[in-house]
Amino acid sequence: MQIYNSLSHRVEEFAPINQGKVGLYACGFTVYDYTHIGHLRKYIFDDVLVKTLRARGFAVKFVQNVTDVGHLTSDEDTGEDKLEKGAKKYGKSVWDVAHEFEEYFWYSMEMTGAVRPDVSCRATEHIEAQLEMVKQLEAKGFTYVIEGDGVYFDTSKFPDYGKMAQLNLSALQAGARVELSEGKRNPTDFALWKFERPGENRTMVWPSPWAERSFPGWHIECSAMAMQYLGEQFDIHTGGIDHIPVHHTNEIAQAEAMTGKKPFVKYWVHHNHLHVDGKKMSKSLGNFFTVDDVIARGFHPRALRLLFLTSNYRDEQNFTWESLAGAQK
C-alpha cells in the first residue's frame, strides 16, 4: 500500500511504526455551526482511508477530536472564538451550540455511511492534558508570555519550524511589520494558551498558572489529545490542506519540542477543498449546503459519497446538482 506524505512531498510505501497496527488522528470539526458538504468530503475520505487500512489487515486506532473551544476566527491568534461567535448568532449558550452542532456532525457522518472514530475527544474535556503540555514547553524554555494576551511558542528555538510547509522564514521575517507583531518575538510565533481580555466575559475559561481566566489555543488541543491516545509518535494525521502552513506546522513544532525532537507523525494526509459551481463555498453566496439540503432535493446521501469518490482527495472538486444527479443514477 502506498500513500502520499505531505511531510516528504512524495508517495511512499506505507509501513507503520508498529507492525500490523496503525494510530490515526483526524483533525475534527469545530462545532460552532452546521456541517456542510465541503466538510463532509474531507471526513468521507478519512473514512475511506480507515476502511482501506482495515481491509488490508491493519488494526487501526482511529482518534478524532471535537474542537469546542479555542479556535479563533482568523485560524491564528486573533479574532473571536468561533464557539462564542456561534452562541451569539443562534442566541444560545456556547455549551448548547457545541452540543447541537456536534450532534449534527455525527448525524451527517451517519447519513453518508462513515464509521465513528474509536475515540472522539472534546477539547473542553482535556484541559489538564493541554495545560500540562504548555507547562512542559515552558520548563524546556520554548515559551514566553505576552502580558494580557497569552503564552506563546518561540519558533526561533525550534530550528525545524515550517519543514512540512516549506516556509521561507527569512522572507516572513523580512516582511513582518512592527504594528502587526502584537508583542511577538517572531512573526511565526503562536499562542499556546490565551488570556481573557478585559470586557470579553467569555463563558469557556479555566484557571492557569498565568491567568485566572484563560483558555487553550487551538493548536495545543490536537497535539495534546493525539499524544494522550496515540503516544508521542504515531502513524497518520489527516486534515485539510489549509492546515499545512499554520495549524499542522504548529502541531509539529510544539509536539517535537516537548519530546526532544522525536518525529511526531510519520505520514501526513491532507485533503483539498470542495467548490460549488466553480466558486468557493460560502453562506454569502448562498451555496452552503448541508446533508439535509441534499435530502430535501430528493437525493440519497450515499450519492454524495459516491460523487466525492469520483475525484482524488488531493484535488479540488467542483460540486453541481447535475453531477450529484449523475451519482444518484
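**Sheets, ring pairs and salt bridges in a predicted model**

Helix H4 (residues 127-139) lies across E6, E7, E8 and E9, and its direction runs at about 120° to that of E8. The model described here is a predicted one. The four elements that H4 crosses are the strands of an open sheet, arranged in the order E6-E7-E8-E9 with antiparallel pairing. E6 and E9 stand at its edges with a single partner strand each, so one side of each is left without a neighbour in the sheet. From one strand to the next, the twist averages 25°. Within this sheet, E7 and E8 are paired in the antiparallel sense over 4 bridges, and Gly150 stands opposite Lys194 in E8.

A salt bridge can be placed beside these strands. The side chains of Asp149 and Arg197 meet at 3.5 Å, N to O. This pair links distant parts of the chain, with Asp149 in the loop between strand E6 (143-146) and strand E7 (150-153) and Arg197 in the loop between E8 and strand E9 (214-216), 48 residues apart. The two partners can be compared by accessibility: Asp149 is buried, with a relative accessible area of 4%, whereas Arg197 is partly exposed at 39%.

The second sheet is also worth a look. Strands are held together in sheets through backbone hydrogen bonds, in either a parallel or an antiparallel arrangement. Here 5 strands form an open sheet with parallel pairing, in the order E5-E4-E3-E10-E11. E5 and E11 are the edge strands, each pairing on one side only. Neighbouring strands of this sheet are turned against each other by 20° on average, direction ignored. E10 and E11 run parallel and are joined by 6 bridges; His237 stands opposite Trp268 in E11.

Helices also meet this parallel sheet. H1 lies across strand E3 (21-26), E4, E10 and E11, and runs at about 155° to E10. H8 packs on the sheet as well, touching E10 and E11, with its direction at about 155° to that of E10.

Turning to the aromatic side chains, a search of the whole structure finds 21 aromatic pairs. Among them is the edge-to-face pair of Phe234 and Phe264, at 5.2 Å centre to centre and with 85° between the planes. Phe234 lies in strand E10 (residues 234-240) and Phe264 in the loop between helix H8 (244-259) and strand E11 (265-271), so the pair ties together parts that are 30 residues apart in sequence. Both ends of this contact are shielded from solvent by the accessibility criterion: Phe234 is buried at a relative accessible area of 2%, and Phe264 is buried at 1%. For Phe319 and Trp321, the ring centres are 5.1 Å apart and the planes are at 80°, so this pair is edge-to-face. Phe319 and Trp321 are both buried. Elsewhere, ring pairs link Tyr34, Tyr90, Phe101, Tyr104 and Tyr107 into a cluster.

Rings also meet charged groups. The charged end of Arg202 sits over the ring of Phe215, 3.5 Å from the ring centre. In the case of Arg314, the charged end sits over the ring of Tyr4, 3.5 Å from its centre.

The same kind of search over the whole structure finds 18 salt bridges. One of them joins the side chains of Asp118 and Arg54 at 2.9 Å, N to O. Asp118 lies in the loop between helix H3 (94-111) and strand E5 (119-122) and Arg54 in helix H1 (residues 37-55), and the pair links these distant parts of the chain, 64 residues apart. Both residues are partly exposed: Asp118 has a relative accessible area of 45%, and Arg54 has 31%.

Lys184 and Asp77 form a further salt bridge, with their closest N and O atoms 3.4 Å apart. Lys184 lies in the loop between helix H6 (178-181) and strand E8 (190-195), and Asp77 in the loop between strand E4 (59-66) and helix H2 (82-90), so the pair ties together parts that are 107 residues apart in sequence. Lys184 and Asp77 are both buried. Finally, salt bridges that share partners join Asp47, Lys51 and Arg305 into one network.

Conventions. Residues numbered from 1 in each chain as written. Predicted model: local features only at pLDDT ≥ 70, side-chain atom pairs only at ≥ 80, totals over all residues. Heavy atoms only, no water. Phe/Tyr/Trp six-rings, centres within 6.5 Å; stacked < 30°, edge-to-face > 60°. Helix = DSSP H or I, 4+ residues; strand = E, 2+ residues; numbered from the N terminus. Buried < 20%, exposed > 50% of the residue type's maximum accessible area, 1.4 Å probe, protein only. Lys NZ or Arg CZ within 6 Å of the ring centre and 35° of its normal. Salt bridge = Lys/Arg side-chain N within 4 Å of Asp/Glu carboxyl O. Pairing = 2+ DSSP bridges. Axes fitted to C-alpha atoms, helices over the stretch in contact; angles between N-to-C directions. Contact = heavy atoms within 4.5 Å.
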